[in-house]
Amino acid sequence: MSLGDAAAMAGRVRAGEQSARAGVEASLARIAATDTRINAFSAVLTERALKRADAIDLHPQRAKMPLAGVPFAVKNLFDVAGLPTLAGSTIERDAAPAKRDALLVRRMEAHGAVLVGAVHMDEYAYGFTTENSHYGPTRNPHDPTRISGGSSDGSAAAVAAGQVPITLGSDTNGSIRVPSSLCGVFGLKPTFGRLPRIGTYPFVASLDHLGPFARSVQDLALAYDAMQGPLHGPASDDPAFVQRPIEPTSNLLDQGAQGLRVAVLGGWFRQMALPEASEAVDAVAQGLSTTRLVELPEVERARAAAFLISNAEGAALHLPDLRTRAHDFEPLSRDRFLAGALLPAAWVQQAQRVRYWFARRVARVFETVDVLLAPATPCVAPIIGSEWLQLGDKRLPLRPSLGLLTQPISCIGLPVVTVPLWGMSATQPHLPIGVQLIAAPWREDHALRVAAQLQAQGLCSAPVAKGL
Amino acid sequence: MDHAAYVDAAAAALGLKLAAEHRPGVLQYFALAADMAELVQGLPLQLHDEPANVFLPVAPHGADPA
């Protein structure tokens, strides 16, 4: 049985045409059949998932659940009751198991979805390639010799491999958008502060976002809508969370890009992209009939600000372990963490000032435009173990450079939908590459509407990888 | 700035013992961060260009009239 998309699956379960158990069993079977080649899953929750599926099948409100019986998985920095929250590390194996699920897991399940497992990631979310030395690389379902991106690699790969129709991940500097691009799936990084981070392992509190992955825009919007909403009760554990009402998007997708002003981002976003990335943006611009070009000021400095804030905050969080057991950290990020612990405060404080300066300048740009287009990655998925990225005459270290085009955007918390295009690379036409649809703060609906139109036009799609 | 001298002094002050095999990588990444710092410090800012991190006071549950 093929899983198909979440919207159709939930529709069948709501109508009683298919049991939630059948969908969950199909997901578990697909994981068992394919994951030895992909290495997306760090934990498969067979017993829990089947029990939950049976509960959905008997649930009196099943006919009203928008995600009835839809299997989903989460990056293993989300708390899952009974499991230690690994965050891609071995250090956290010693941590006490989580007592309850992360809030967004609970919200997804309250809407009928069924958690089937946790998926791999870069250690402590500090990376874009997930060549995780502890657990092995997560392989790209469209070409297993290549990376899936990171740090939410397992989240993107599991969707691309058809193991589950929806996953959740996190994005601090590009960790939803980079793997979405390289694995050819849709990803949504909502506005900073939109979705509560309660019950997730932090990386950089100033920049961490959570969001969904899916193979269709409708599924992305369904998951996003299910996770929105204010919190009630005492002050939450998430100081960045903004108490906004639910602003549904699933019902707006049919509006497409009508009435929205769209422009292409120039400057840095063209210079730091290989032809395949720029061509993908041009194809989207052509599909949306826009020739408008916009430049943001001081993008490189904004990227530098995000780099410094991430380096210092991320390292400070792990200082006790860096002091006593640095050798247990992932070798690919350990030295970056150690360096980050030593940054002068003045550098980081200046980075926070640059961040606000940049946010105010970009807000002015959004007075005359609704959605900006930029590549999500400079290139298609590199071969596992690649060290360098050649951009014109510049030879850059690959691992940090995969976030060159995403980092300036998450630095100021803008909502972004990443949409996958195919055939853009002359030498690797079988590989996807993503385009960022960037909207003003709190206008996820604009980015999702444009994504829906591009999908309807056939410009963007997220097919299940063949041959697994 | 003499990066190596700063890194060694700051690490010692923090109680962070850098293993010999980690030190070259730490110096490499500290230099990368220093390049980034040069970029952010190169933007002329005014006195009232405030930082992005904002603290919101926490009222006791039920005490906030909003």
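Good morning. At 0% relative accessibility, A:Cys183 counts as buried, and I shall begin with this residue. The model I am presenting is a predicted one. Which cysteine sulfur is closest to that of A:Cys183? The answer is the sulfur of A:Cys379, at 13 Å, which is too far for a bond. A:Cys460 is likewise buried, at 1% relative accessibility. The closest cysteine sulfur to that of A:Cys460 belongs to A:Cys183, and at 16 Å this pair is also too far apart for a bond. Over all chains, the structure holds zero disulfides.

Let me turn to chain A as a whole. Its secondary structure consists of 16 helices and 15 strands. The radius of gyration of chain A is 20 Å, close to the 23 Å that the globule rule gives for 468 residues, so the chain is as compact as a globular protein of that length. Along the principal axes, the C-alpha atoms of chain A fill a box of roughly 60 × 55 × 50 Å. Of the 468 residues in chain A, 65% count as buried. Among contacts in chain A with a separation of 6 or more, 77% are accounted for by residues 24 or more positions apart. The chain exposes about 15,500 Å², and carbon and sulfur atoms supply 53% of that area.

Next, the interior. The largest nonpolar core has 150 residues, and the members that touch the most others are A:Met108, A:Leu296, A:Leu373, A:Val419 and A:Leu437. Which helix gives the most to this core? It is helix H10 of chain A, residues 299-317, with ten residues. To take one member, A:Leu373 has contacts beyond its sequence neighbours that include A:Val262, A:Val264, A:Val281, A:Leu288 and A:Leu437. There is also a second, separate core of 31 residues, with A:Ile38, A:Val114, A:Val119 and A:Ala161 among its members.

I now come to the aromatic residues. Over all chains the count comes to eight aromatic pairs. One of them joins A:Tyr124 and A:Tyr201 in a tilted arrangement, 5.5 Å centre to centre with 35° between the planes. This pair links distant parts of the chain: A:Tyr124 lies in the loop between strands E3 and E4 of chain A, and A:Tyr201 in the loop between strands E7 and E8, 77 residues apart. A:Tyr124 is buried, with a relative accessible area of 1%. A:Tyr126 and A:Phe203 form another tilted pair, at 5.0 Å centre to centre and 50° between the planes. Here A:Tyr126 is in the loop between E3 and E4 and A:Phe203 in the loop between E7 and E8 of chain A, so this pair too ties together parts that are 77 residues apart in sequence. Both A:Tyr126 and A:Phe203 are buried. These four residues, together with A:Phe329 and A:Phe337, form one aromatic cluster.

A:Phe337 takes us to helix H12 of chain A, since A:Phe337 is one of the buried residues of that helix. Why can H12, residues 331-340, be called largely enclosed by the rest of the structure? The reason is that eight of its ten residues are buried. Charged side chains are represented here as well, for the buried set includes A:Arg334, A:Asp335 and A:Arg336. The cover over the buried residues of H12(A) includes H10 and helix H11 of chain A, together with helix H2 of chain B, residues 23-41.

Chain B appears again at A:Tyr356. This residue is found in helix H13 of chain A, residues 345-365. A:Tyr356 is partly exposed, with a relative accessible area of 38%. Leaving aside residues up to four places away in sequence, A:Tyr356 touches B:Glu50, B:Pro51 and B:Ala52.

Finally, some points of backbone geometry. Most residues other than glycine have a negative phi, and most peptide bonds are trans. Where does the model contain a cis peptide bond? One joins A:Gly150 and A:Ser151, with omega at about 5°. A:Ser151 lies in the loop between strand E5 and helix H5 of chain A. A positive phi, near 65°, is found at A:Asn39, in the loop between helix H2 and strand E1 of chain A. A:Ser289 also has a positive phi, near 55°. That serine, A:Ser289, lies in the loop between helix H9 and strand E10 of chain A, and at 68% relative accessibility it counts as exposed.

Thank you for your attention.

Methods: Residues are numbered from 1 along each chain as its sequence is written. Chains are lettered from A and ligands numbered from 1 in the order in which they are written. This is a predicted model: local features need pLDDT of at least 70, side-chain atom pairs count only at pLDDT 80 or more; totals for chains, interfaces and linings use all residues. Side-chain values use heavy atoms; hydrogens and water are left out. A disulfide is a pair of cysteine sulfur atoms within 2.5 Å. Buried means under 20% relative accessible area, exposed over 50%, partly exposed in between (1.4 Å probe, protein chains only). Helices (H or I, at least four residues) and strands (E, at least two) are DSSP runs, numbered from the N terminus. Contact means heavy atoms within 4.5 Å. A nonpolar core is a set of buried Ala, Val, Leu, Ile, Met, Phe, Trp, Tyr and Cys residues joined through side-chain atoms within 4.5 Å. The radius of gyration is taken over C-alpha atoms; the globule rule is 2.2 Å times the number of residues to the power 0.38. Accessible areas come from the Shrake-Rupley method with a 1.4 Å probe; for residues, only the protein chains shown count as cover. Rings of Phe, Tyr and Trp (its six-membered ring) pair if their centres lie within 6.5 Å; planes under 30 degrees apart count as stacked, over 60 as edge-to-face and the rest as tilted.
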